[in-house]
Amino acid sequence: MTLGVVMLCHTALGRAEQVARHWAQAGCPVVIHVDRTVPNAAYRTFVKSLSDVPNVQFSRRYRCEWGTWGIVAASQAASTQLLNAFADVRHVYLASGACLPLRPVQELIDYLAERPRVDFIESATTSEVPWTVGGLDEERFTMRFPFSWRKQRYFFDRFVALQRTIGLKRKIPNGLVPHMGSQWWCLTRQTLSAILQDPDRATYDAYFKRVWIPDESYYQTLARLYGTQIESRSLTLSKFDFQGKPHIFYDDHLQLLRRSDCFVARKIWPHADGLYRAFLTDTAGALSRTEPNPGKIDRIFAKAVERRTRGRPGLYMHSRFPNRDWENGVTAGPYSVFQGFTQLFEDFEPWLARATDARVHGHLYAPDRAHFADQQTIINGALSDNAQLRDANPRAFLTNLVWNTRGERQCFQYGPSDNQNIVWDLIKDPNATINVISGAWAVPLFRSNRDFADLRQDAADLQKIEAKALYAYRSAKAKARVRIWTMAEFVEAPMEPLQSVIDEISTRPNRGISEVPRLVDIKGFGQFLQNLKNQGMHPYLMGDFPVDAETSADSRKPPRKPYLVQ
Amino acid sequence: MGLWQSYRLRLQRKRWRIRARRKSTQLRPVVDRTDQIRPGDLFVMTTQRNEMVRLPYFLKYYRDLGVNHFFFVDNDSDDGSLDYLAEQPDVSVWHTKGSYKRSRFGVDWLNFLCLKHAHGHWVLTVDPDEFFLYPFCDTRPLRALTDWLDASSIKSFSAMLLDMYPKGPINAQAYLPGQDPLEIANWFDPGNYTIQRNRRYGNLWIQGGPRARVFFGDRPKKAPALNKIPLVKWNRRYTYVSSTHMLLPRGLNLVYDEWGGEKASGVLLHTKFLDTFSSKAQEELLRNQHYAASVEYKAYAEVGQENPDLWCKWSEKYINWRQLEILGLMSKGNWA
């Protein structure tokens with residue numbers, strides 16, 4: 001009792017010859033089907049090259065276009081020939097010319113000998129498995145497909161759409177339950193001959209001839225009728241990418257393939273000399289009985305599909321440039337923006353850096369230059385602090401910064417005197433946390449030593465800009481986490497907001513703040529605001545500061561100092 | 001895009017093809033070995049002028065990748081490079097005294113050679129100082145990539161130009177013929193590139209890197225473009241529009257994914273900044289044959305004077321393509 005191999009070939013006939021020899025040398029009879037589209041001369045050379053191998057035969061040639069009946073017809077003819085010609089064949093293995101046996105053939109023969117009644121064919125009901133690429137799953141059994149998908153795509157699509165609209169449906173004969181799966185199977189003589197000699201075969205064939213991609217469903221469906229013991233998996237390792245195209249194996253997959261313990265792999269690149277040399281010359285040493293274990297290969301190819309469809313969040317490059325709002329992560333990781341904090345606290349930046357593990361920058365979008373942490377002029381990724389380079393593409397500056405510092409949380413200061421062209425990018429980024437003390441821009445004005453007329457003008461401008469930013473921060477489109485306090489609110493009770501800011505950024509276990517930043521002296525700020533109002537410029541973003549409120553409050557205790565909260 | 005715009009681009013494409021034919025009269029074949037070409041051969045297309053010192057390694061690098069035939073347009077070299085090229089068994093070379101600038105920086109000449117010889121072949125269009133990297137280039141030959149692209153019905157493959165530079169003044173180490181330029185210029189800027197979309201042609205416009213950082217800090221819009229699409233399965237209807245930055249028909253420029261995924265892509269290591277640079281810059285400034293009135297070379301002359309040092313604390317030392325993949329400068333896409 002042995003194993004017979006049906007090989008479907010259409011290109012790289014030289015490789016097919018090598019593999020056929022390999023099978024035959026191990027005592028497996030081989031029937032080869034060569035695609036009709038292969039030129040006759042090439043076919044004859046191929047036949048001649050194998051003429052010295054006794055148990056290799058060639059079957060009648062069919063035209064095998066992808067997704068059409070030809071492939072099934074070819075495998076039917078070749079299987080029939082194999083079963084008739086070699087009576088001692090018990091299992092038939094359907095392979096392609098680009099398949100490569102990874103383990104000594106004897107191991108496969110032994111493996112099958114231990115499971116004489118088992119059919120290895122991946123076979124799942126279509127309604128339950130969302131495998132298919134292109135949206136045709138159940139419909140491939142209920143529609144007609146007279147047009148070629150490859151060459152007549154327009155008509156193919158139109159005709160599918162037409163059948164959908166008018167609800168045209170085919171009847172599935174004899175209550176067959178459509179199943180689908182990998183087209184590479186290994187069936188027992190019993191099951192296979194039952195399929196091939198079925199009295200209703202003409203009906204089934206007529207039906208499947210008009211099914212879309214019948215090679216993935218013909219045997220898979222019919223095996224369910226006759227198979228006594230179906231193992232729904234393929235013995236051939238074959239991975240598909242997101243377009244349903246098989247992944248190809250190269251020399252650098254050698255170790256992976258070896259460790260997979262699979263019996264056969266497809267598809268091998270025809271020029272992968274290393275793989276063919278390694279696997280076709282393997283001596284059958286101590287035969288192992290391990291089960292196939294393609295886990296690692298599965299992961300690698302699953303990752304490739306993930307990379308192609310989802311990509312790395314926050315990466316912008318020459319082959320990944322997502323449309324707005326389709327980024328799958330505007331930036332690479334979470335970061336925090338602080339507006340108004342440095343104005344209100346004297347040592348906010350060093351304090352924040354001490355209290356958290358984050359990197360704390362100054363005003364990255366300041367008009368003169370990007371104020372990176374530690375006064376650096378250039379930062380990770382060779383990102384320059386040059387304001388003109390930054391302003392040429394403020395969004396790219398942000399995404400680059402976050403991408404370059406992956407794994408380390410970034411914090412930076414922002415305010416109405418900075419470049420405002422980044423506001424909407426920040427606000428639409430779920431990775432951003434924006435903390436705003438509104439109106440705090442007035443504090444430096446208040447503390448400055450300048451003519452009041454100039455101050456008044458600056459205050460008016462800044463208030464206008466910040467009001468616009470606040471409008472954005474509160475927009476319904478905001479995806480960032482935004483917290484806004486008016487300055488009056490914040491000064492009233494600064495501990496709670498500061499604690500929440502720290503809690504969010506810090507990766508350390510949650511503790512109370514042991515040290516707080518020093519609030520600047522704002523005695524007389526209420527009066528300053530009142531003066532602005534008296535000049536007709538109404539500052540409103542900072543909330544209500546009574547003219548004498550803080551003078552009375554401050555009269556009770558000396559100016560604010562660092563304090564501890566337990 | 002409307003029908004009208006589409007039609008205009010079609011006319012433009014035809015115009016470039018006619019122009020390529022017209023400019024081809026400037027080309028004189030020196031050695032034409034195109035009769036050696038077999039179907040499926042991989043080509044490299046290059047214009048060069050006085051690059052003798054670079055050519056030995058350039059040819060070796062691409063031969064090792066598996067390139068079958070080289071097409072050179074020699075723009076009136078006088079350093080012996082033309083003779084050197086003519087002796088190579090897998091090189092066809094044309095000579096011209098025509099203006100580099102008025103052939104649109106060599107594009108017309110190469111468009112013509114592609115039109116005439118490259119129909120149905122994969123063509124890699126690179127300069128003598130550009131070295132093409134693609135995913136798995138250390139273990140898989142170029143043909144593995146082109147076979148995979150063919151199987152995936154992909155017709156063009158992008159590679160960003162990555163400026164390489166040495167640590168220290170660029171003329172500190174002498175580059176010798178046959179030497180790997182990456183032994184000297186092995187640093188690059190890993191993460192300061194900016195991208196915009198060109199709505200008209202559908203390609204991306206990438207700027208940044210050391211040149212933007214050092215030479216173009218005060219006029220970032222003028223910084224050189226780094227987006228390139230050097231590898232194309234050529235069809236006689238195609239044409240490069242501006243250097244290898246973009247092509248027509250514009251579908252060939254869609255080498256990037258717009259829905260969050262990553263397409264496979266490579267990198268062109270640009271080893272311009274060797275000790276040969278200063279003299280080259282001087283010469284190019286005098287010839288005034290480069291893009292936008294040689295604005296780039298003027299900027300070099302202003303800032304760098306003799307010897308710019310492009311290296312900075314955050315420069316990254318080149319290791320291999322996997323490093324560039326991790327940094328996000330290229331991608332394996334779904335090739336695994």
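## A tour from one strand outwards

Start by selecting strand β2 of chain B, residues 42-48: this strand is mostly covered, with 7 of its 7 residues buried. A residue is buried if 20 or more other C-beta atoms lie within 10 Å of its own, exposed if 12 or fewer, and partly exposed in between, with C-beta atoms placed from the backbone. Strands (E, at least two residues) and helices (H or I, at least four) are DSSP runs, numbered from the N terminus.

Before moving on, a word on what you have open. This is a predicted model, where local features need pLDDT of at least 70 and side-chain atom pairs count only at pLDDT 80 or more, while totals for chains, interfaces and linings use all residues. Residues are numbered from 1 along each chain as its sequence is written, and chains are lettered from A and ligands numbered from 1 in the order in which they are written.

**Stop 1: both sides of β2(B).** In a regular strand the side chains alternate between the two faces of the sheet. Show the side chains: B:Leu42, B:Val44, B:Thr46 and B:Gln48 sit on one side, B:Phe43, B:Met45 and B:Thr47 on the other, and all are buried.

**Stop 2: the neighbours.** Two strands pair if DSSP finds at least two bridges between them. Add β3 of chain B, residues 69-75, which pairs with β2(B) in the parallel sense over 6 bridges. Look for B:Val44 opposite B:Phe70. Now add β5(B), which runs parallel to β2(B) and is joined to it by 4 bridges; here B:Phe43 stands opposite B:Val123.

From β5 (residues 122-125) of chain B, step across to β12 (residues 231-233) of chain B: this pairing is antiparallel, over 3 bridges. Which residue of β12(B) is the bridge partner of B:Trp122? Pick B:Lys233 and you have found it.

**Stop 3: the whole sheet.** Select the strands of chain B in the order β1-β4-β3-β2-β5-β12-β7, and you get an open sheet of 7 strands with mixed pairing. At the edges are β1 (28-31) and β7 (156-157) of chain B, each with a single partner strand, so one side of each has no neighbour in the sheet.

**Stop 4: chain A.** Switch to chain A, with its 23 helices and 19 strands. Its radius of gyration (taken over C-alpha atoms; the globule rule is 2.2 Å times the number of residues to the power 0.38) is 36 Å, well over the 24 Å that the rule gives for 566 residues, so chain A is more spread out than a compact globule. Turn the C-alpha trace around: along its principal axes it spans about 110 × 60 × 45 Å.

Colour domain 1 (2-116 + 235-309) and domain 2 (335-556) of chain A; the bounds come from an automatic or database domain assignment. Their C-alpha centres lie 65 Å apart.

**Stop 5: where the chains touch.** The contact takes 48 residues from chain A and 50 from chain B. Two residues are in contact if their C-beta atoms, placed from the backbone, lie within 7 Å. On the chain A side, select α12(A), which gives the most, with 7 residues.

**Last stop: the core.** The largest nonpolar core has 246 residues, and A:Met7, A:Leu100 and B:Val267 are among those with the most contacts inside it. Such a core is a set of buried Ala, Val, Leu, Ile, Met, Phe, Trp, Tyr and Cys residues joined through C-beta atoms within 7 Å. Finish on A:Met7: leaving aside its neighbours within four places in sequence, its contacts include A:Ala16, A:Val30 and A:Ile32.
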